[in-house]
Amino acid sequence: MTSTTQDKTAIRNAATVIALRDRMDDPHVLMGQRGAKAAFMPNKFVFPGGAVDAADAAVPLARPLPAVCAERLLEDSAENLAHALAAAAIRELWEETGLILGQPGAWQGEVPSDWAGFADRGYVPAAHPLQFVFRAITPPGRPRRFDARFFLVDAEEIAGDLDDFSEACDELSHLQWVPLNEARHFDLPFITEVVLAEIAARTQDREPPHSVPFFRNDDEESLFLRLNGTRPPQ
């Protein structure tokens, strides 16, 4: 959920969730359509996701991200955002689809307002099913710019009815499980098409990747790098 006090011209950290269903036999991904009046990517079909809020770093996680994912998130980053990004991913999935990624349990302390419905259902967010699979920075010249980390999650890890979007906010319409081999027929942002190709290559592999593609768009140039513990000379 984007704060109205943020500088809209700055590059904001963001988390996106690619929920993959029936991955072994008939893979589908969860997508929805952004509104026609949205400032960022209007009318496009996208994965659930959004900017990291300041409060995300303090949200309790029943279990953390896989260690290899946390390590990759540290690369080319000025601070350790692994916890905040994981919490943002789970929050955005909840807000935009009404789906819960968590474990049964009680929250310790006060529940943030964004998480009230989540907590009321008896769950604490859990990040261990999230796999960091892609990173991309929005190119210059766009009305909004994000440093987005894409997280893959197997739909089997989501609690409840996968087809019940009744608790979703109105940010995404036409929420649906799209056959992976048909997704490119939708009106997609360019980077979503790139990410879909990466996901298609990972459907049969349940392990988090040790090497993560990074599409870095700086003001001077665009680079396609890989986050894997080593970096080419700059």
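Where in the chain is D22 found? In this predicted model, D22 sits in the loop between β1 (11-21) and β2 (28-34). Its backbone has a positive phi of about 50 degrees, although D22 is not a glycine. Most residues other than glycine have a negative phi. D22 has a relative accessibility of 46%. Because exposed means over 50% and buried means under 20%, D22 counts as partly exposed.

H174 also departs from the usual sign. This residue is not a glycine, yet its phi is positive, at about 55 degrees. H174 lies in strand β9, which covers residues 172-179. With a relative accessible area of 51%, H174 is exposed.

The chain as a whole comes next. The protein chain has four helices and eleven strands. It has 234 residues, and 50% of them count as buried. The accessible surface comes to about 11100 Å², and carbon and sulfur atoms account for 49% of that area. Among contacts between residues at least 6 apart in sequence, 68% join residues at least 24 apart.

The interior can be followed through its nonpolar cores. In soluble globular proteins, nonpolar side chains tend to be buried together. The largest nonpolar core here holds 50 residues, and the members that touch the most other members are L65, I90, L130, F151 and W177. Helix α2 (residues 82-97) gives the most to this core, with ten residues. A second, separate core has 24 residues, including A51, V133, F134 and A136.

F151 shows what surrounds one of these well-connected core members. Apart from neighbours within four places in sequence, F151 is in contact with A15, T16, V17 and I18. Its other contacts on that count are L65, L73, L85, A89, L130, Q131 and F132. L65 and L130 are named with F151 among the residues that touch the most other core members.

V17, one of the contacts of F151, is in strand β1. V17 has a relative accessibility of 1%, so it counts as buried. Beyond its neighbours within four places in sequence, V17 is in contact with F47, P48, A89, L93, F151 and V153. V17 and L152 are 135 residues apart in sequence, but their C-alpha atoms are 6.0 Å apart in space.

L152 lies in strand β8 and is buried at 1% relative accessibility. The C-alpha atoms of L152 and T16 are 8.6 Å apart, while the two residues are 136 apart in sequence. Leaving out neighbours within four places in sequence, L152 is in contact with I18, L20, R23, P129, L130, Q131, V133 and I199. V133, in that list, is a member of the second core, whereas L130, also in the list, belongs to the largest core.

L152 takes part in a pocket lining as well. The second largest pocket contains about 160 Å³ of space. Its lining is made of R23, P66, H128, P129, Q131, L152, V153, D154, E156, E157, R206 and P208. By type, these residues divide into five nonpolar, two polar and five charged. Strand β8 (residues 145-154) gives the most to the lining, with three residues.

H128, another lining residue, is placed in the loop between β6 (123-125) and β7 (131-137). At 24% relative accessibility, H128 counts as partly exposed. H128 and P64 are 64 residues apart along the chain, and their C-alpha atoms are separated by 5.3 Å. With neighbours within four places in sequence set aside, H128 is in contact with R63, P64, L65, P66, Q103 and E157. P66 and E157 also line the second largest pocket.

The last residue to look at is D56. Is this loop residue buried or exposed? D56 belongs to the loop between β4 (49-51) and α1 (67-74). D56 is buried, because its relative accessible area is 2%. Not counting residues up to four places away in sequence, D56 touches A51, H83, A84, A87, A88, R91 and W115. A51 is among the residues of the second core.

Technical notes:
Residues numbered from 1 in each chain as written. Predicted model: local features only at pLDDT ≥ 70, side-chain atom pairs only at ≥ 80, totals over all residues. Heavy atoms only, no water. Helix = DSSP H or I, 4+ residues; strand = E, 2+ residues; numbered from the N terminus. Buried < 20%, exposed > 50% of the residue type's maximum accessible area, 1.4 Å probe, protein only. Contact = heavy atoms within 4.5 Å. Areas by Shrake-Rupley, 256 points an atom, 1.4 Å probe, with all protein chains shown as cover. Core = buried A, V, L, I, M, F, W, Y, C linked by side-chain atoms within 4.5 Å. 1 Å grid on protein atoms, 1.4 Å probe; cavity = no way out; pocket = protein on both sides within 12 Å on 5 of 7 lines; lining within 4 Å. Points joined across faces, edges and corners; volume = space filled by probe spheres on them. Nonpolar A, V, L, I, M, F, W, Y, C, P; charged D, E, K, R; others polar.
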